[in-house]
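Welcome, and thanks for taking a look at this one with me. Here are my notes, set out as numbered points so that you can follow along in the viewer.

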Amino acid sequence: MNDEKFMQEAIELSKKAVEHGNEPFGAVLVKDNEVVFTNENQIFTANDPTFHAETGLIRRFCTSTGITNLSEYTLYTSCEPCFMCSGAMVWSKLGRMVYAASNDDLEMTMGKHGSNCSKIVFENSNNAPTVTSGVLRGESVAVLKSYFGK
């Protein structure tokens with residue numbers, strides 16, 4: 001599997017999101033070991049607080065392709081998704097989700113306590129994706145600390 005390769009791309013997108021004036025989150029959608037769509041967080045530039053990297057990716061991919069069942073896809077995200085993004089993954093029947101930093105990692109950079117968002121949403125769902133966590137965690141945490149640690 002190329003988890004590290006695709007996660008590196010998601011982390012690079014999180015850095016670009018910051019360069020573009022947004023928060024540091026990136027997402028990559030893969031099918032059959034090929035990147036089919038990418039997205040970065042755009043909450044500030046799109047003036048849309050729901051335009052997280054993952055939800056934005058799902059929304060744009062499904063709209064542009066007409067595909068609404070993502071059971072054959074893997075979504076790589078630089079940080080464990082929030083409740084909203086986890087819900088979008090359930091509704092789109094995402095097959096697999098891989099994340100780098102956890103919600104606990106994110107919250108700790110801001111002096112708070114995390115909530116394991118995806119686990120809470122996924123454990124009560126019939127359409128939960130398979131989850132792999134911690135891929136390139138250190139690289140993602142460094143990006144989060146650089147942004148939120150200021």
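1. Let us begin inside: which residues of helix α3 (residues 83-91) are buried? They are C85, S86, G87, A88, M89 and V90. Please keep in mind throughout that this is a predicted model. The cover over the buried residues of α3 includes helix α2, strand β3, strand β4 (96-101) and helix α5 (117-122).

2. Now for the overall plan. The protein chain has six helices and five strands. Read from the N terminus, the order is α-β-β-α-β-α-β-α-α-β-α. The radius of gyration is 14 Å, close to the 15 Å that the globule rule gives for 150 residues, so the chain is as compact as a globular protein of that length. If you turn the model along its principal axes, the C-alpha trace spans about 40 × 30 × 30 Å.

3. Next, the inside and the outside. Of the 150 residues, 49% count as buried. The chain exposes about 7,300 Å², and carbon and sulfur atoms supply 50% of that area. As for contacts between residues at least 6 apart in sequence, 58% of them join residues at least 24 apart. On charges, there are 13 positive and 18 negative ones, and their mean positions are 2 Å apart.

4. A good residue to click on is A27, which sits in strand β1 (residues 26-31). Is A27 buried or exposed? Its relative accessibility is 0%, so A27 counts as buried. Leaving aside neighbours within four places in sequence, A27 is in contact with a list of residues that includes A10, L13, F37, A53, L57, L75 and Y76. Take L57 from that list: A27 and L57 are 30 residues apart in sequence, yet their C-alpha atoms are 7.1 Å apart in space.

5. The aromatic rings deserve a stop of their own. The count comes to five aromatic pairs. One of them joins F61 and Y73, with 5.4 Å from centre to centre and 65 degrees between the planes, an edge-to-face arrangement. This pair links distant parts of the chain, as F61 belongs to helix α2 (residues 53-65) while Y73 is in the loop between α2 and β3 (74-79), twelve residues apart. Both partners are tucked away: F61 is buried at 4% relative accessibility, and Y73 is buried with a relative accessible area of 7%.

6. Look also at Y147 and F148. Why is this pair called edge-to-face? The ring centres are 4.7 Å apart and the planes stand at 85 degrees, so the pair falls in that class. Y147 is partly exposed, with a relative accessible area of 24%, whereas F148 counts as buried at 18%. Ring pairs also bring in F25, linking F25, Y147 and F148 into a cluster.

7. F148 turns up again if you visit T109. This residue is found in helix α4 (residues 103-109) and is buried, with a relative accessible area of 14%. Not counting residues up to four places away in sequence, T109 touches L144, K145, F148 and G149.

8. Another aromatic residue to find is F51, in the loop between β2 (34-40) and α2. Although it lies in a loop, F51 counts as buried at 7% relative accessibility. Beyond its neighbours within four places in sequence, its contacts include N39, E40, N41, I43, A46, R59 and R60. F51 and N41 are ten residues apart in sequence, with their C-alpha atoms 6.3 Å apart in space.

9. Finally, two backbone angles to check. Most residues other than glycine have a negative phi. Which sign does phi take at D32? It is positive, about 50 degrees, although D32 is not a glycine. D32 lies in the loop between β1 and β2 and counts as exposed, at 67% relative accessibility. K93 also has a positive phi, of about 60 degrees, and is not a glycine either. You will find K93 just after α3, in the loop between α3 and β4, and it is partly exposed, with a relative accessible area of 37%.

Terms used. Residues numbered from 1 in each chain as written. Predicted model: local features only at pLDDT ≥ 70, side-chain atom pairs only at ≥ 80, totals over all residues. Heavy atoms only, no water. Helix = DSSP H or I, 4+ residues; strand = E, 2+ residues; numbered from the N terminus. Rg over C-alpha atoms; globule rule 2.2 N^0.38 Å. Buried < 20%, exposed > 50% of the residue type's maximum accessible area, 1.4 Å probe, protein only. Contact = heavy atoms within 4.5 Å. Areas by Shrake-Rupley, 256 points an atom, 1.4 Å probe, with all protein chains shown as cover. Lys, Arg positive; Asp, Glu negative; His and termini not counted. Charge placed at Lys NZ, Arg CZ, Asp CG, Glu CD. Phe/Tyr/Trp six-rings, centres within 6.5 Å; stacked < 30°, edge-to-face > 60°.
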